[in-house]
Amino acid sequence: MEITKCAAAGTMESSDVYVEIEPRETGLEVELQSVVQAQFGQAIEETVRQVLKDCGVENAKVRVVDRGALECVIRARVETAAMRGKGEA
Amino acid sequence: MRRSMLFLPGNNPNMLINGNCLGSDAVIFDLEDAVSPAEKDAARILVRNTMRYMDFRGCEIIVRINSIDTPYWKRDLDAILPQQPGLILLPKTGTAKDVQEADAYITELEQKLGFAPNTVGLMPLIETALGVENAFAIATAADRVQALFLGAEDLTADLRCKRTKEGREIEYARTRLVMAARAAGVEVYDTPFTDVNDDEGIYKDASYAKALGFSGKASISPRHVGVINEVFSPSQADIDYSYEVMDAIAMAKAQGKGAIALRGKMIDAPIVARAEQTIAMAEALGLGRSEQ
């Protein structure tokens, strides 16, 4: 099932990540801002894409604002945003 | 051993990921009161991931799910049970039927997951007048029940009285729960002391709970954990006395005596039982008797 509506999850607080997701016609577009962009930007983006794939999302625009979240938190917030965007939350 | 149990809000990553560094014997990941209805889904997934990826060795994980009169509790269990929490804290438990309903669903999930029966324990949270009056029936409603837990904030609202530091309004509930839990052969845990900045108050409150027979106490602040651990740990004097009791008993047996006195007091079965409990707890904490 695809993203049918705009949705968000997470917060801008320390150790958290804010994720916005919206419908897109073709493919995934990931926009990332992170306090650890230089060191971990690529790894975070790979995690975001992997979670979306696991959730069955192939087409979406995603904006990620990372406040130093651990991978398990990033995974949780992306999954929550995807579920909300699909109307499954 | 659960001397202290620290509540952590289920949708706060900063607190969850640091939960195993705060000194409590157990943490309670809270999906209920600490989470707004709009964030129940987010908290459920965040707690699940924290349990799946973080190392909490040495700190038991308890999860407070939503109560069985909400649309959330089964989804909470669906997400949390595969991670094998030590206990599920079941809020607003009022009757044995509430326990049996939760137990039936947990049993169903355990079978699907291939877990042994009663892998995950249940701890009913008694926080209504009905729950207090049904405490023994609740404690014996299912083999899965490992402990009772007193929640004084909701209880005092139900009793239509004010919650005070002295706690006279929860005196009956405390003693009733201790009696019911001990009669049922399960543990019993005391409600948090809610004034985070009152160091003397938490010491008095925890000491009183211990004196009544509670096994440990919950906390809403990491600041209270150290005091609670101290109060619910055996003192060095208690440990030394317990070893003396066991030595005296061993000597009586060797001498073929049926009874023996220690420090002018006869040693009988309850004293021995208490000494054994103290030594078991001391050993679990890595404590021993003083150097002679």
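In the predicted model, eight strands of chain B close into a barrel in the order β1-β2-β3-β4-β5-β6-β7-β8, and the pairing throughout this barrel is parallel. Neighbouring strands of the barrel are turned against each other by 25 degrees on average when direction is ignored. Strand β1(B), residues 4–9, pairs with strand β8(B), residues 216–219, in the parallel sense over 3 bridges, and within this pairing the bridge partner of B:M5 in β8(B) is B:A218. Helix α8(B), which spans residues 171–184, lies across β5 (121–126), β6 (147–150) and β7 (187–190) of chain B, and the helix runs at about 175 degrees to β6(B).

The domain assignment of chain B gives domain 1 as residues 4–231 and domain 2 as residues 236–284, and the C-alpha centres of these two domains lie 34 Å apart. Further along chain B, helix α11(B), residues 236–254, packs with helix α12(B), residues 269–284, at an angle of about 125 degrees, the two axes being 9 Å apart. That angle makes α11(B) oblique to α12(B), and α11(B) passes α12(B) in a left-handed crossing. On the side of α11(B), the residues that take part are B:D238, B:I239, B:S242, B:Y243, B:V245, B:M246 and B:I249, and these meet B:I271, B:V272, B:A275, B:T278, B:I279 and B:A282 in α12(B). By class, the residues of this contact divide into 10 nonpolar, 2 polar and 1 charged.

In chain A, an open sheet of 4 strands has the order β1-β2-β4-β3, with mixed pairing. Strands β1 (7–9) and β3 (28–34) of chain A stand at the edges with a single partner strand each, so one side of each is left without a neighbour in the sheet. Neighbouring strands of the chain A sheet are turned by 10 degrees against each other on average, again with direction ignored. The edge strand β1(A) pairs with β2(A), residues 17–22, in the antiparallel sense over 3 bridges, and A:A8 has A:E20 of β2(A) as its bridge partner. Two helices of chain A pack on this sheet: α1(A) touches β3 and β4 (60–66) of chain A, its direction making about 145 degrees with that of β3(A), whereas α2(A) touches β1, β2 and β4 of chain A, its direction making about 30 degrees with that of β2(A).

These helices also pack on each other, as the axes of α1(A), residues 37–54, and α2(A) come within 9 Å and cross at roughly 40 degrees. That makes α1(A) oblique to α2(A), and the crossing of the pair is right-handed. The contact is made by A:I44, A:T47, A:V48, A:V51 and A:L52 of α1(A) together with A:E71, A:I74, A:R75, A:V78, A:E79 and A:A82 of α2(A), and by class it has 7 nonpolar, 1 polar and 3 charged residues.

Helix α2(A) takes part in the contact between the chains as well. Residues 71–85 of chain A, which form α2(A), pack with residues 40–53 of chain B, which form α2(B), at an angle of about 150 degrees and with the helix axes 9 Å apart. The two helices are therefore roughly antiparallel to each other, and α2(A) passes α2(B) in a right-handed crossing. In α2(A), the residues A:C72, A:V73, A:R75, A:A76, A:E79, A:T80 and A:M83 meet B:D41, B:A42, B:I45, B:L46, B:N49, B:T50, B:R52 and B:Y53 in α2(B); the residues of this contact divide into 8 nonpolar, 3 polar and 4 charged. A:R75 and A:E79 are thus named both in the contact with α1(A) and in that with α2(B).

Taken over the two chains, 12 residues of chain B are in contact with 15 residues of chain A. The elements that give two or more residues to the side of chain B that touches chain A are α1(B), residues 13–17, and α2(B), and α2(B) gives the most, with 8 residues. The residues on that side of chain B divide into 7 nonpolar, 3 polar and 2 charged.

Technical notes. Residues are numbered from 1 along each chain as its sequence is written. Chains are lettered from A and ligands numbered from 1 in the order in which they are written. This is a predicted model: local features need pLDDT of at least 70, side-chain atom pairs count only at pLDDT 80 or more; totals for chains, interfaces and linings use all residues. Axes are lines fitted to C-alpha atoms, for helices over the stretch in contact, and angles run from 0 to 180 degrees between N-to-C directions. Angles under 35 degrees count as roughly parallel, over 145 as roughly antiparallel, 65 to 115 as roughly perpendicular and the rest as oblique. A crossing is left-handed if the near helix is turned anticlockwise from the far one by less than a right angle, and right-handed if clockwise. Two residues are in contact if their C-beta atoms, placed from the backbone, lie within 7 Å. Ala, Val, Leu, Ile, Met, Phe, Trp, Tyr, Cys and Pro count as nonpolar, Asp, Glu, Lys and Arg as charged, and the others, Gly among them, as polar. Domain bounds come from an automatic or database domain assignment. Two strands pair if DSSP finds at least two bridges between them.
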